[in-house]
Amino acid sequence: KMWLRSGVGRASLTAHHALPLRKRLSLTPFAQVGASAFVLAAGAGTPCASRCVSTYAPPKRTDLAPVRPQDIAAFKQMLAKDHGSGAGKVVTTAEELEPLNRDWLKKFVGNAPVGLFPKSTQHVSDILGYCNTHSIPIVPQGGNTGLVGGSVPVYDEVVLSLAKMNQVVAFDKVSGIVTCEAGVILQQLDEYLSKEGYIVPLDLGAKGSCQIGGNVSTNAGGLRYLRYGSMKGNVLGLQVVLPDGSVVDTLNALRKDNTGYDIKQLFIGAEGTLGIITGVSLLCPIRPKVMNVALIAVKSFEDVQKTFVRVRSQLGEILSAYEFFDRESLELDLAQLPHLRSPLAPDYPFYIVIETSGSNETHDNEKLSNFLETAMGEGLAVDGAVAQDTTQFSQIWALRESITEALSRAGGVYKYDLSVPIGVMYDLVNDTRKRVGDKGKVYGYGHVGDSNLHLNVSVPKYSDEVLALLEPFVYEWTAKVGGSVSAEHGLGLMKRNHLHYSKPAQAIDKMVHIKRLFDPKGIMNPYKVLQWC
């Protein structure tokens with residue numbers, strides 16, 4: 001049985017196109033395929049037994065002040081004021097602070113004594129002005145879905161959450177430009193835009209939790225990068241509160257503004273080290289009327305590359321995503337997340353998710369059908385399926401998007417987000433498997449269209465022995481092939497000491513100069529991105 005999905009119209013492909021394809025493809029029925037005998041060695045499904053903050057953290061800075069009772073009283077007074085959006089909130093109990101103090105992988109854990117929830121830019125301005133005056137370190141936090149320890153405290157920094165600044169301010173139906181507060185959740189923004197016929201040019205597995213301000217601050221990439229590009233290309237304006245409490249407002253809705261330095265770009269990807277983003281103006285494309293997704297299996301990573309060339313040639317303007325994952329990743333999905341269902345058995349070395357987005361159902365379906373026939377005829381695809389409805393569409397994507405969750409359930413995980421030339425991308429996975437041996441299980445998946453590999457090593461618990469096998473090996477390997485140690489996750493705490501593998505000394509020096517210009521006391525997200533000296 002073959003899945004067929006035409007997108008918004010929900011009508012299946014015509015018999016003229018569907019039947020020949022059904023005859024040529026050997027497709028399994030849509031049913032849960034049991035995982036193979038794979039079980040993570042010594043501890044699948046067990047919580048990690050140790051934390052990694054001490055491994056990555058530099059010495060605590062003595063020039064930064066601890067939070068005193070009078071500081072908490074001052075914060076409460078500031079956030080009690082209503083600047084038109086309501087009062088903010090201050091939390092100090094262990095129960096309330098726990099989710100602010102740890103990342104969702106439970107890998108990085110801090111000890112913030114207070115969490116602040118402002119409701120307005122003025123609240124943020126008051127807080128930063130006070131912290132700057134008293135040299136109190138502060139960590140901006142969005143949805144806290146990051147994977148490099150960038151959004152949680154290292155020691156006892158104040159956490160400032162943007163969660164309550166979650167309003168859509170304006171939307172222009174003609175230009176497709178939306179203006180919103182930084183705490184708006186990505187999925188909720190996309191649902192808002194869907195009603196207007198538009199789409200957010202960003203899609204992430206964490207879309208149900210991550211916030212648009214955090215997406216901008218980390219220059220998030222995600223699943224739609226191939227079609228719509230990065231946040232740097234789609235953000236039109238920002239409202240940012242600087243460390244001294246002053247506000248830089250470039251929150252315009254202009255696509256073209258050629259008036260000198262583009263200041264907003266400094267804050268996109270700065271991970272909260274230069275200031276706190278409180279407002280975003282974003283250019284959004286028209287929501288596609290027709291979307292299709294196919295899952296195909298191939299025999300080698302060389303065939304993953306050949307298929308990508310064929311996909312771009314035949315699908316062209318309607319191609320919106322091209323993702324790969326290996327057999328080990330699918331086995332892990334099915335073992336750790338029993339609710340997932342796969343239309344293909346976990347018997348093949350590699351799997352590819354192909355998504356198309358367009359406006360003409362007949363045109364798009366024909367192009368996808370022709371591509372699949374060609375791929376089978378040339379021996380590139382050995383099995384495949386196309387979703388027929390919304391449920392199946394989501395279930396195919398879940399196989400790719402849920403790998404991170406499956407890894408988190410299997411135990412501890414060392415995660416590496418790397419830009420690597422496509423031709424050698426999977427060589428790093430193989431080399432890492434040889435190096436780690438039986439001390440961990442290695443998984444490879446990622447965004448082929450933008451050369452972004454997600455290398456993951458799953459272990460029963462974190463250990464210095466495994467870390468020594470991986471670092472700096474992974475970074476040195478990446479540097480030798482001209483890659484980047486961070487493709488889309490940022491540097492955070494985890495990679496701040498490895499920046500030199502991707503940036504020359506002169507560039508790092510200029511980054512330090514910019515940091516000192518904006519944040520001379522170094523209170524903004526300390527210990528992250530750059531070494532403070």
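Is Ala112 buried or exposed in this structure? Ala112 is buried, with a relative accessible area of 3%, where buried means under 20% relative accessible area, exposed means over 50%, and partly exposed lies in between, using a 1.4 Å probe and protein chains only.

Before I go on, a word on the model. This is a predicted model, in which local features need pLDDT of at least 70 and side-chain atom pairs count only at pLDDT 80 or more, while totals for chains, interfaces and linings use all residues. Residues are numbered from 1 along each chain as its sequence is written, and side-chain values use heavy atoms, with hydrogens and water left out.

Staying with Ala112, its place is in the loop between helix 4 (94-101) and strand 2 (115-117); helices here are DSSP runs of H or I with at least four residues, strands are runs of E with at least two, and both are numbered from the N terminus. If we set aside residues up to four places away in sequence, Ala112 touches Leu97, Asn101, Pro153, Tyr155, Asp156, Glu157 and Val159, contact meaning heavy atoms within 4.5 Å. One of these, Asp156, is 44 residues from Ala112 in sequence, yet the two C-alpha atoms are 4.3 Å apart in space.

Now the chain as a whole. The protein chain has 18 helices and 16 strands, and of its 533 residues 57% count as buried. Among contacts with a separation of 6 or more, 76% come from residues 24 or more positions apart.

Let me turn to the sheets. One is an open sheet of 5 strands in the order 5-6-9-7-8, with antiparallel pairing, where two strands pair if DSSP finds at least two bridges between them. Strand 5 (168-172) and strand 8 (247-249) stand at its edges with a single partner strand each, so one side of each is left without a neighbour in the sheet. On average, and ignoring direction, neighbouring strands of this sheet are turned by 10° against each other; for such angles, axes are lines fitted to C-alpha atoms, for helices over the stretch in contact, and the angles run from 0 to 180 degrees between N-to-C directions. Within the sheet, strand 6 (residues 177-181) and strand 9 (residues 276-283) run antiparallel and are joined by 5 bridges, with Leu283 in strand 9 as the bridge partner of Ile177. Helix 5 (residues 121-134) lies across strand 7 (235-241), strand 8 and strand 9, at about 45° to strand 7, and helix 6 (residues 186-194) lies across strand 5 and strand 6, at about 35° to strand 5.

Another open sheet has 7 strands in the order 13-10-12-11-15-16-14, again with antiparallel pairing. Its edges are strand 13 (383-386) and strand 14 (412-419), each with a single partner strand, so one side of each is left without a neighbour in the sheet. The twist averages 15° from one strand to the next. Strand 10 (residues 290-298) and strand 12 (residues 350-358) run antiparallel and are joined by 9 bridges, and Val298 has Phe350 in strand 12 as its bridge partner. Helix 13 (residues 390-401) packs on this sheet, touching several strands, including strand 10, and its direction makes about 50° with that of strand 10. Helix 17 (residues 473-480) also packs on the sheet, touching strand 14 and strand 16, with its direction at about 15° to that of strand 14.

Next, a helix pair. Helix 10 (residues 301-315) and helix 12 (residues 361-377) pack at an angle of about 150°, with their axes 10 Å apart. In this contact, Thr307, Arg310, Val311, Gln314 and Leu315 of helix 10 meet Lys367, Leu368, Asn370, Phe371 and Thr374 of helix 12.

Finally, some backbone details that I would inspect. Most residues other than glycine have a negative phi, and most peptide bonds are trans. Asn219, however, has a positive phi of about 50° although it is not a glycine, and Asn219 sits in the loop between helix 7 (212-217) and helix 8 (225-228). Glu271, in the loop between strand 8 and strand 9, likewise has a positive phi, near 55°, and Glu271 is buried at a relative accessible area of 9%. A cis peptide bond, with omega about 15°, joins Glu471 and Pro472, and Pro472 is found in the loop between helix 16 (464-470) and helix 17.
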